[in-house]
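User: Hi! I am new to this structure and would like to get to know it step by step. Could you show it to me and take a few questions?

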Amino acid sequence: MGLRKVTVVQPLFSRPQKTPMDAKPTTASYSETTHIVLPNDTNLLANLFGGQLLKWLDMSCAISAHRHCHRVTVTAAVNNVSFEVPIKLGDMVTIKAHVSRTFSTSLEIWADVWTENQFTGERIKCNSAIYTFVALDENGKPTKVPEVIPVTEEEKVRFAGALRRRQLRLILAGKMKPEEANELKALFA
Ligand SMILES: CC(C)(COP(=O)(O)OP(=O)(O)OC[C@H]1O[C@@H](n2cnc3c(N)ncnc32)[C@H](O)[C@@H]1OP(=O)(O)O)[C@@H](O)C(=O)NCCC(=O)NCCS
């Protein structure tokens, strides 16, 4: 009996990657994914289980991050998610995500969630979420990402507020001193 050939899967980030560093419009990172809520995705009230939505959001945000920087990226933080409207069994859920701002090696991704009743077709925007991703180089270390240029009015507002949100999340993560958060402090001046 011959020996079985074993294929070793290389981690993605150990492969050479090219990252053009030119600034990109938000449109380059648009991602849109649609899911249907099946029984296995629901809680005891037959509403979408929150953890399932977080997973779908994470996936959509990852697609946006990859489209923006063409690098391996990882979720560094889930910064804001609220569940304002229950999403029902059988509903269709559409998640639209885009890079709202980049910093040095991190990207803020904004995702809007829409639910659609499959019988009436009624669509409701049910929540928004903000995730932070970090791009990694071939050695798995954080690496620089291109800047983003907001296109729509809404994206310009999100871009402008991103610095304050970043300072707040780094303070909460114990990675920034409150006294260093000048833009955040200016809100209360
Ligand atoms: C995310 C990670 C790469 C950051 O590594 P690190 O050694 O802390 O790197 P640094 O301190 O140099 O920070 C790198 C960037 O991450 C950002 N960052 C780190 N922790 C963060 C947090 N809690 N919230 C937001 N941003 C954060 C930093 O602000 C920095 O961004 P910048 O370069 O744009 O200024 C590392 O913590 C990691 O690998 N985490 C696990 C990721 C993962 O497995 N995700 C899937 C989870 S299921």
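User: Which helix and strands each supply at least two residues of the shell around the ligand?

Analyst: Happy to help! This is a predicted model, where local features need pLDDT of at least 70, side-chain atom pairs count only at pLDDT 80 or more, and totals for chains, interfaces and linings use all residues. Residues are numbered from 1 along each chain as its sequence is written. Helices (H or I, at least four residues) and strands (E, at least two) are DSSP runs numbered from the N terminus. The elements that each give at least two shell residues are helix 2 (153-172), strand 3 (72-81) and strand 6 (123-136).

User: Which element gives the largest share of that shell?

Analyst: A residue is near a molecule if its C-beta atom, placed from the backbone, lies within 6 Å of it. Of the 15 residues around the ligand, those that come nearest include Ala-77 and Phe-103. The largest share, four residues, comes from strand 3.

User: Where is the kink in helix 2 centred?

Analyst: The bend at a residue is the angle between axes fitted to the seven residues ending there and the seven starting there. In helix 2 the kink is about 40 degrees, and its centre is Ala-162.

User: What covers the buried residues of helix 2?

Analyst: Buried means that 20 or more other C-beta atoms lie within 10 Å of a residue's own, with C-beta atoms placed from the backbone. In helix 2 this applies to Glu-155, Arg-158, Phe-159, Ala-162, Arg-165, Arg-166 and Arg-169. Their cover includes strand 3, strand 4 (92-102), strand 5 (106-116) and strand 6.

User: Why does the span of helix 1 agree with what is expected?

Analyst: The expected span of a helix is 1.5 Å times one less than its number of residues. Helix 1 (residues 50-69) has 20 residues, so it should span 28 Å, and this agrees with its end C-alpha atoms being apart by 29 Å.

User: Which residue follows helix 1 with a positive phi?

Analyst: Within helix 1, the buried residues include Trp-56 and His-68. Just after the helix, phi is positive, near 50 degrees, and the residue there is His-70.

User: In which element is confidence highest?

Analyst: Confidence is given as pLDDT, the predictor's confidence in each residue, from 0 to 100. The protein averages 91, and 93% of the residues score at least 70. Confidence is lowest in helix 3 (residues 182-186), at a mean of 86, and highest, at 98, in strand 4.

Technical notes. Buried ≥ 20, exposed ≤ 12 C-beta atoms within 10 Å, placed from the backbone. Contact = placed C-beta atoms within 7 Å.
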